[in-house]
Amino acid sequence: MIKDTKATLHENYCQKQKDLYDWYYQKTKDLSYPIYSSYDIRDSGFKVSNVDANVYPAGFNNICPVDKETSGDLFASYLKRHYGENAKRIMLVTEEHTGNPFYWENVLAIKKLLEAAGRKVLIAIPREFTDPLQVTSATGVEVSIVSAYENSAAVREFQPDLILSNNDFSNPYEEWATQLTLPVNPPRELGWYQRKKSRYFKFYNQLVEEFSGLVGIDPFLLTVETEVFENFDMADEASLKALALKVDAMLARLQEQYDKRGITEKPFVFVKNNAGTYGLAVIRVGSGAEVLDWNYKSRKKMKAAKGGRDVEEVIIQEGIPSRVQAEGATAEPVIYMVGCELAGGFLRTHAEKNSSESLNSPGAVYKR
């Protein structure tokens, strides 16, 4: 079945190539793309789909060296197309992970790519302070960080033309935002303080439906069913019972889809924070009963959101097992974009997780 599906997809794509190019052009001609983004992909053999998207990716250090060699040119092309000659000096606004040495490897990788694009870079965080902070990356490189407030001495001296943000704005930093005069890319308004996974997957699945109609394939091959569950309260048994009913309803729908296509695997879903990041508040469940039986550890996990925020809304998302492996460990591809151009990627692997579990968790290893 998998082989026949791939052959049909390839054949139909070749036949409809001009129509697809025209469709893509009409969809994208008036869009402004964030300067970068990343996407987690799951391939089960019977379907492949994007299961998470990040507008402020934090793993540029993990993409392979060959891709890094060309990514500097992609940054240069993007900046010239969107800002002309007006973005020579860039303030890179980062997370406040002063204790996470691997995050600073990502920051250094972005800085190096921007410098390869002919830009000067200042690293800053959206807090007010006087003296520069010093942190050390995982490979021992010292990183100097200044205040991103425009009236700070370092910013006045540097005179940036553009702010490139690698802070995902789980915290809205409203006080910092009120004093901004510089353009910010990606915009702060795409931050997790108001962005929702459910909105993204709504539009993703709509695009899949259109694409599948043009190519003449079953949209099931590329969609990922996603349903929002509002007013989630981990401490309220009535809320958990309502969530359990929704989980069972989605599993029944998936089972029907599986039966229709001769898929013998048992469906499962993920319950995820609708405004979550870093793999926090993500739990795999195979039935509504599992939700009702969540133990202390699971309940604590579903309360964990970046910055100590409460999880108030979740999505129930179709689980896609991963058949991809790297050196015997379960893996999933992660692709990185600069604008709408592919910059590279890597495999996220986890030796302690099986093919149906989330790999974006402590213990993950990134392979080229």
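**Entry 1: the largest pocket**

I began with the largest pocket, whose lining is made up of 48 residues, with Y39, N50, Y200, Y204 and L207 lying nearest its centre. I note at once that this is a predicted model, and I read everything below in that light. For the space inside this pocket I have a value of about 2,000 Å³. I then looked up which elements give two or more residues to the lining, and found α1 (2-15), α2 (17-28), β1 (36-43), β2 (48-54), α7 and β14. Of these, α7 provides the largest share of the lining, 11 residues.

**Entry 2: the six-stranded sheet**

I next traced an open sheet of six strands, which has mixed pairing and follows the order β5-β6-β4-β3-β7-β8. At its edges I find β5 (133-136) and β8 (184-185), each of which pairs on one side only. Within the sheet, I followed β4 and β6, which are parallel and share two bridges, and I located A124 with its bridge partner V146 in β6. Helix α4 packs on this sheet and touches β3, β4, β5, β6 and β7, while its direction makes about 150° with that of β4.

**Entry 3: the nonpolar cores**

Which residues have the most contacts inside the largest nonpolar core? I find F60, F75, L79, W104 and L114, in a core of 32 residues. At least two residues each are supplied by α3 (65-83), β3 (89-93), α4 (101-116), β4 (120-125), β6 (142-147), β7 (162-165), β14 and β15, and the largest share, eight residues, comes from α4. I looked more carefully at W104 and, leaving aside its neighbours within four places in sequence, I list its contacts as T94, E95, H97, T98, I123, V135, T136, S137, V143 and I145. Apart from this core lies another, of 21 residues, which includes M250, I283, V314 and I316.

**Entry 4: the four-stranded sheet**

I turned to an open sheet of four strands, in the order β9-β12-β10-β11, where the pairing is antiparallel. Because β9 (226-229) and β11 (282-285) stand at the edges with a single partner strand each, one side of each is left without a neighbour in the sheet. Ignoring direction, I note that neighbouring strands here are turned by 20° against each other on average. Between β9 and β12 (residues 314-318), which run antiparallel, I find four bridges, and T226 stands opposite Q317 in β12. Helix α7 (residues 197-215) packs on this sheet, where it touches β9, β10 (269-273) and β12, and its direction makes about 35° with that of β12. I add a cross-reference here, since α7 is also the element with the largest share of the pocket lining.

**Entry 5: strand β15 and its partners**

Is β15 largely enclosed or left open by the rest of the structure? I find that seven of the 10 residues of this strand (residues 341-350) are buried, so β15 is largely enclosed by the rest of the structure. On the β14 side (residues 329-338), I find nine bridges in an antiparallel arrangement, and V334 has F346 of β15 as its bridge partner. The two strands form a hairpin with two residues between them, and in the turn G339 has a positive phi of about 60°. I then followed β15 to β16 (residues 365-367), with which it pairs in the antiparallel sense over three bridges, and I located K367 in β16 as the bridge partner of L347.

Notes. Residues numbered from 1 in each chain as written. Predicted model: local features only at pLDDT ≥ 70, side-chain atom pairs only at ≥ 80, totals over all residues. Heavy atoms only, no water. Buried < 20%, exposed > 50% of the residue type's maximum accessible area, 1.4 Å probe, protein only. Pairing = 2+ DSSP bridges. Core = buried A, V, L, I, M, F, W, Y, C linked by side-chain atoms within 4.5 Å. Contact = heavy atoms within 4.5 Å. Axes fitted to C-alpha atoms, helices over the stretch in contact; angles between N-to-C directions. 1 Å grid on protein atoms, 1.4 Å probe; cavity = no way out; pocket = protein on both sides within 12 Å on 5 of 7 lines; lining within 4 Å. Points joined across faces, edges and corners; volume = space filled by probe spheres on them.
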